Amino acid sequence: MSQPEIDLGLLSAQDHRKSVQLLAGMRHAALSGAAAAAKPRPVIGDSWTRAMDYGVDPDTGSHTGVLSADELEQRRHTSPLQEVLPALRDGLVSVADAAWHIMVVSDAEGRVLWRDGSTAIRRSADRVGFAEGASWAENAVGTNAIGTALVTGRPVQVNSAEHFVRAHHLWTCAAAPLHDPRDGRLLGAVNISGPAATVHPASLSLVTAVTRVAEGELRTRHWASIEGLRSLAAPLLARVEGRAVVIDPNGWTAAVTGMPPLERVALPSSPGAGPVWLPSLGLCTLEPLPGGWLVRVGAQGGTDAPSRVVVDVSRPRDWAVTVSGAAGSWSQELSPRHAELLFVLAVHRGGRTAAELARDLFGDPSRTVTVRAELSRLRRHLAGSLAHRPDRFADSVYVELPRPTRPTDLLPHSTAPAVRLAGGGRSGP
């Protein structure tokens with residue numbers, strides 16, 4: 001008989017003590033291998049498994065120490081999150097302070113960059129190592145809202161004994177990952193934490209909403225910078241012969257001449273001036289501009305087809321695709337959805353129909369429109385690497401698929417049936 005899954009949000013609201021006891025029993029069963037009265041939520045159960053694999057101390061955690069004052073200040077100064085810190089504070093600090101909670105902002109590695117809110121709760125946080133400069137990644141302190149949100153790429157609330165480390169059971173935390181809309185890069189997580197007995201069912205929704213507002217502010221700043229680059233590009237392109245495009249450092253288009261408009265150009269991870277092969281445009285020449293690049297298309301002759309593609313999903317996050325050919329190599333980070341798609345295509349070298357891909361990704365073969373839209377976006381960046389009917393990597397391309405050592409680390413955010421089956425049959429959402 002399968003174990004029931006308890007609605008812990010409802011239970012916590014009705015009987016906090018009973019909720020804590022039930023969670024503690026689940027955690028003990030997971031650590032000891034004993035039978036439990038109920039099973040944890042999948043996001044928590046998967047995280048407990050990762051924490052045990054990491055060897056995290058279930059009583060105190062495996063803290064790695066705090067950053068030095070100089071390194072902490074350096075990370076703050078270089079983080080794009082600094083630009084939206086006022087928006088995060090405006091949306092969360094007053095609420096957190098009134099509810100005896102604190103707001104915490106971490107970087108993508110789980111290092112705490114900023115804390116604000118209740119003075120008393122900050123002192124309590126210090127006693128469990130929840131301090132500025134400390135690591136709250138899962139490999140340091142196990143299951144917690146910051147670390148688990150960073151791994152899964154999704155907002156998550158962790159209540160009381162859902163925390164892997166016993167010393168954190170008096171806490172409840174809610175966190176949402178924050179991405180840079182310019183390139184999709186994970187910047188960090190935004191979190192509110194406080195006493196477990198004061199958990200509020202709206203905490204996760206509030207954090208998620210404020211995080212989206214902050215991402216929106218980054219997007220607004222980005223488009224303002226594009227407008228500034230466009231004013232520089234217009235007179236420049238008027239003097240350029242042939243095909244050319246002016247882009248910002250992330251590849252977003254400011255202006256174009258001699259060719260159809262395009263939204264974005266996929267750049268190498270570390271672009272430099274001179275000849276470069278771009279999968280969407282072929283052989284080009286990059287010339288630096290203030291705030292971006294001038295891309296001369298086809299300036300050095302014809303295009304060279306790619307010969308090798310590496311779809312690297314070996315890490316719990318930060319996945320990438322690398323394309324190589326006679327003209328050199330090119331790398332780009334992958335979004336969660338594109339990582340799933342390329343993983344499935346790399347596994348099925350013979351190809352998949354749109355219906356098969358829809359079943360692989362969504363468990364629903366009718367969602368072909370969504371699949372075709374995502375494939376269209378991928379083809380703009382991987383021209384020459386992907387073939388049609390069925391959708392597959394081109395026969396002339398050698399494909400490598402580095403995977404994580406632990407199956408549970410394979411795209412841990414993913415609910416795609418094909419990915420979860422390959423990841424050891426992890427439990428569904």
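Helix 12 contributes the most to the lining of the largest pocket, with five residues. Helices here are DSSP runs of H or I with at least four residues, strands are runs of E with at least two, and both are numbered from the N terminus. Keep in mind that this is a predicted model: local features need pLDDT of at least 70, side-chain atom pairs count only at pLDDT 80 or more, and totals for chains, interfaces and linings use all residues. Residue numbers start from 1 along each chain as its sequence is written, and side-chain values use heavy atoms, leaving out hydrogens and water.

Back to that pocket. A pocket is an open set of points on a 1 Å grid over the protein atoms alone, with protein on both sides within 12 Å along at least five of seven lines, and lining residues have an atom within 4 Å of a point. The largest one holds about 1300 Å³ of space, a volume being the space filled by probe spheres set on the points. Of its 48 lining residues, Asp183, Gly184, Glu333, Leu334 and Ser335 lie nearest the centre. The lining splits into 20 nonpolar, 12 polar and 16 charged residues. Among the elements that each supply at least two lining residues are helix 8 (145-152), strand 4 and helix 9 (203-237).

Helix 12 also has a packing partner: helix 11 (residues 354-362) meets it at an angle of about 95 degrees, with the axes 8 Å apart. Axes are lines fitted to C-alpha atoms, for helices over the stretch in contact, and angles run from 0 to 180 degrees between N-to-C directions. The two helices are therefore roughly perpendicular to each other, a label for angles of 65 to 115 degrees. Helix 11 brings residues including Leu357, Leu361 and Phe362 to the contact, and helix 12 brings residues including Val371, Arg372 and Leu375; contact means heavy atoms within 4.5 Å.

Then there are two open sheets, where strands pair if DSSP finds at least two bridges between them.

| Strand order | Pairing | Edge strands |
|---|---|---|
| 2-1-5-4-3 | antiparallel | strand 2 (112-117), strand 3 (156-159) |
| 7-6-10-9-8 | antiparallel | strand 7 (253-257), strand 8 (274-278) |

In the sheet with strands 3 and 4, four bridges join that antiparallel pair, and Val156 has Ala175 as its bridge partner. Helix 4 (residues 69-78) packs on this sheet, touching strand 1 (102-107) and strand 2, and makes about 85 degrees with the direction of strand 2.

Over in the other sheet, strand 6 (residues 244-247) and strand 10 (residues 292-297) are joined by four bridges, with Val245 opposite Val295. Helix 9 lies across strands 6, 7, 9 and 10, at about 20 degrees to strand 7.

Note on methods: On a 1 Å grid over the protein atoms alone, a cavity is a set of points where a 1.4 Å probe fits but cannot get out, and a pocket is an open set with protein on both sides within 12 Å along at least five of seven lines; lining residues have an atom within 4 Å of a point. Ala, Val, Leu, Ile, Met, Phe, Trp, Tyr, Cys and Pro count as nonpolar, Asp, Glu, Lys and Arg as charged, and the others, Gly among them, as polar. Angles under 35 degrees count as roughly parallel, over 145 as roughly antiparallel, 65 to 115 as roughly perpendicular and the rest as oblique.
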